[in-house]
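Me: I have a structure to go through with you. I will ask what each label rests on.
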Amino acid sequence: MKRGSTASNTGPRLVGAVLLVALALLVGGYSVSHIMSSQEPMSGRIIGGLAVLGLTLPLAGGGLWIWTTEHSLNGEGLFRILGWCGVGMAPLATFSILIIVYQRQHGVALVEPFGILLWIAGGGTVGGLITGVYDVRRREAYQRQQRTADRLSRLIEAAPVPIIEHDLDRRVRRWNDAAERVFGWSADEVVGDRLPFLSDTSREEFTTLRNRTLAGERLTNVGIQRQTKDGELRDFLLSTASIPTEDDSSPMSVIGILIDITHRKRQQKRLELFRTLLDHSNDSIFLVDAETGDFVDVNETACDSLGYDREELLELSATDVEETLSTKVDWRSHIEKIREEGSVLYEGKQERKDGSTFPVEVNIAHVVLDQEYTVAIARDITNRKERERELTQFQKAVEHAGYAIYITDRDGTIEYANIAFEDVTGYAPDEVVGNDPSILQSGVHGEGYYQRLWNTILAGQIWEEEIVNQRRSGERYTASQTIAPIYEDDTIVGFVAIQSDITAQHLREQRISVLHRILRHDLKNAVNVVAGHAELLRAELEEPEYQTYVNEIDNQAQTLIALSETAQTVTNAFENTRPPVRPVSVGDILSRVIDSFGDTHTDIDISIDDQTTDSILVDSSIKPALEELLENAIKHNDQPDPVVKISVQIDQDSDHVSIAVADDGPGIPELDRQTICRDVPEEPLQHSSGMGLWLVKWVVTTLGGTVDITNNDPRGSTVTLTLPVVSESGSTAVRQPFTDISGSEYEQQNSETEHDD
């Protein structure tokens, strides 16, 4: 109901509400007073009281309802309800008055005539109220239905697409203006007659679709063809629904919505022809979003050249396949130039799905349609560039490669080393020329390894294998090495070797292996234990003796949480870039690590054998590894009085320091020692028992050191960390990415470190 009509209904609603409530109060008050003063027994009074409630409550409730329904009851409805109340009350009240008057005129004595009048009038009013409410609600429902039908009719007439209704005999019942525009027949021509647009070939199809609709199926976007008045066949998408009879007993008619797609299909055919021409072009064609560099469309030649399916290639961008545009920053700079010049012709290099690349000549232009695009036509110029590549390939590959490359004569004497060789090994090219590659040997590989290497390359075969070498600084690194023979007139005259430093890759693989094992094996077992005991708990919850199951569940849950947190901590620790080297004396860092355990392990005997360590400097990032070793030695020690000893040795010749942590505990399992020290791969059923030693391994390896584990006699283990010594200004050796496990750089300032420890 509108706000403006509320005020106009207030008076009638108030009058109606007052009349009904007043009548209820009058009937109730009179009846109650009569009941209370009567000599009827209590049961009779109760029955009378209930009768009073049965009459007065509907009257009072009706009055309140009329007053509170200002937004759901319009003025017409209100007067109709009040009218019905009057109709229900007036005849009965009038008839009662006539009877009372007649009886009094004839001397007939009545018991409480006024009360009888009130009761009869009140009952009639209640009946009229109920009838009025029913009448108003039914009338409102009918009006709503009519308004809905009118709106629907106007909507159908105003619809931009043909909407047609026909009965079960195909006779048209509704034909909107859009149908007249599309098909050519006016509503006057077709309403009442059979559908005019059915050709001989479409009647069977029409019957099938009609029967499916009458069976209750709602068809959506079914492709059909229909004939216009001038004989043209047009394409449509048809959606249908059946309209039931008023009692919903059976379908009365079918209504259909037709979307004309004739123009769209013609355009589609033109586009398909144009697409065929593009796909058979000898050049790759790319439509690129100028803002993002993402591919919007590509032709088949582009897919074939790059080795992608169309769907795969459309998920990529120009920066994914064009080497000269490797970042979004490159693309933005590139597109600005194209906007300024309109079109650009340049030579580039594209990367295939398999990682191979090929040279292209790209003609790229800037166009504006619904948004900014660039159209790039790329021509494979491999054949044209082959001659140039043959002339410059060696120099570019060697001088600008990111790998260590060196060339030797047939006897193994180094004749050339590129710039990257120094980056990887620490040896400048002029230092190694004239020497042989044995200066890189770390001692990890035996004579048999190098014998196999020489046998392979002297036989004219390519040697591809990983090798552990040693840098000039003494650090070990793992490299993927490829050695191939160089021929002259079918004679081997030398060898070219390429080394790629994969130390970080090895560390990464180890971390992934261990974390994968923990998350997929140990935690899974813990969860299984929790689930098993949860089942027991669920079955035996009422018995106190089963509280042990609850304790077990709690223990396993805590184990799961702790292991998960440790795994997450280690993962986070190795994600970022290692902070700068900050030298710290071995004695200082050991003292701080030992002091950190003093408050929590006062019963442990921890001592340092060698106290002359203040002049030996190491990288402060070793702290978490030392803390883990000490924690491991204490936590897993089963002796009543555990003893942990730390010894330090300096090797002046190699500038390395060894820190050994020995304990008298049960010892470290052989599998753990093999895995940590010899890089034995972990297996699903055979793996090391925790993450602590892996953390030590990763930290030490990152710092260019090594880890060795031996068993003590009669019991216990000794873990020895061998680290390069650093100068006061910090080591200049190449380091791998690493973050202090504590989450902050250790020893940023001496005062800060003192405070933190």
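**Sheets, strands and a helix pair**

Reply: Start with one pair in this predicted model: Val-288 stands opposite Thr-374 in S10.

Me: What makes strand S6 and strand S10 count as paired?

Reply: Two strands pair if DSSP finds at least two bridges between them. S6 (residues 284-289) and S10 (residues 372-380) have six bridges, in the antiparallel sense. They therefore pair.

Me: What is the strand order of the sheet that holds them, and which strands are its edges?

Reply: The order is S7-S6-S10-S9-S8, an open sheet of five strands with antiparallel pairing. S7 (295-298) and S8 are the edge strands, as each pairs on one side only. From one strand to the next the twist averages 30°. Helix H12 (residues 328-341) packs on this sheet and touches S6, S8, S9 and S10.

Me: Why is the direction of H12 called roughly antiparallel to that of S8?

Reply: Angles over 145 degrees count as roughly antiparallel. H12 makes about 155° with S8, so the term applies.

Me: How do you know that S8 has two unlike faces?

Reply: In a regular strand the side chains alternate between the two faces of the sheet. Along S8 (residues 343-351), Val-344, Tyr-346, Gly-348 and Gln-350 point to one face and are buried. Buried means under 20% relative accessible area. Ser-343, Leu-345, Glu-347, Lys-349 and Glu-351 point to the other face and are not buried.

Me: What joins S8 to strand S9?

Reply: Nine bridges, with the strands running antiparallel. In S9 (residues 357-368), Phe-358 is the bridge partner of Gln-350. Five residues lie between the strands of this hairpin, and Gly-355 takes a positive phi near 95°.

Me: Which helix packs on the other five-stranded sheet, S12-S11-S15-S14-S13, and at what angle to S13?

Reply: Helix H16 (residues 447-458), touching S13, S14 and S15. The direction of H16 makes about 140° with that of S13. Oblique is the word here, because 140° is neither over 145 nor within 65 to 115 nor under 35 degrees.

Me: Why is helix H20 called roughly antiparallel to helix H22?

Reply: The axes of H20 (residues 623-635) and H22 (residues 692-702) come within 9 Å and cross at roughly 155°. The cut-off is over 145 degrees, so H20 is roughly antiparallel to H22. The crossing is left-handed.

Me: What makes up the contact of H20 with H22?

Reply: H20 gives Ala-625, Glu-628 and Leu-629. H22 gives Gly-692, Leu-693, Leu-695, Val-696, Val-699 and Val-700. These residues divide into seven nonpolar, one polar and one charged. Glu counts as charged and Gly as polar.

Methods:
Residues are numbered from 1 along each chain as its sequence is written. This is a predicted model: local features need pLDDT of at least 70, side-chain atom pairs count only at pLDDT 80 or more; totals for chains, interfaces and linings use all residues. Side-chain values use heavy atoms; hydrogens and water are left out. Axes are lines fitted to C-alpha atoms, for helices over the stretch in contact, and angles run from 0 to 180 degrees between N-to-C directions. Helices (H or I, at least four residues) and strands (E, at least two) are DSSP runs, numbered from the N terminus. A crossing is left-handed if the near helix is turned anticlockwise from the far one by less than a right angle, and right-handed if clockwise. Contact means heavy atoms within 4.5 Å. Buried means under 20% relative accessible area, exposed over 50%, partly exposed in between (1.4 Å probe, protein chains only).
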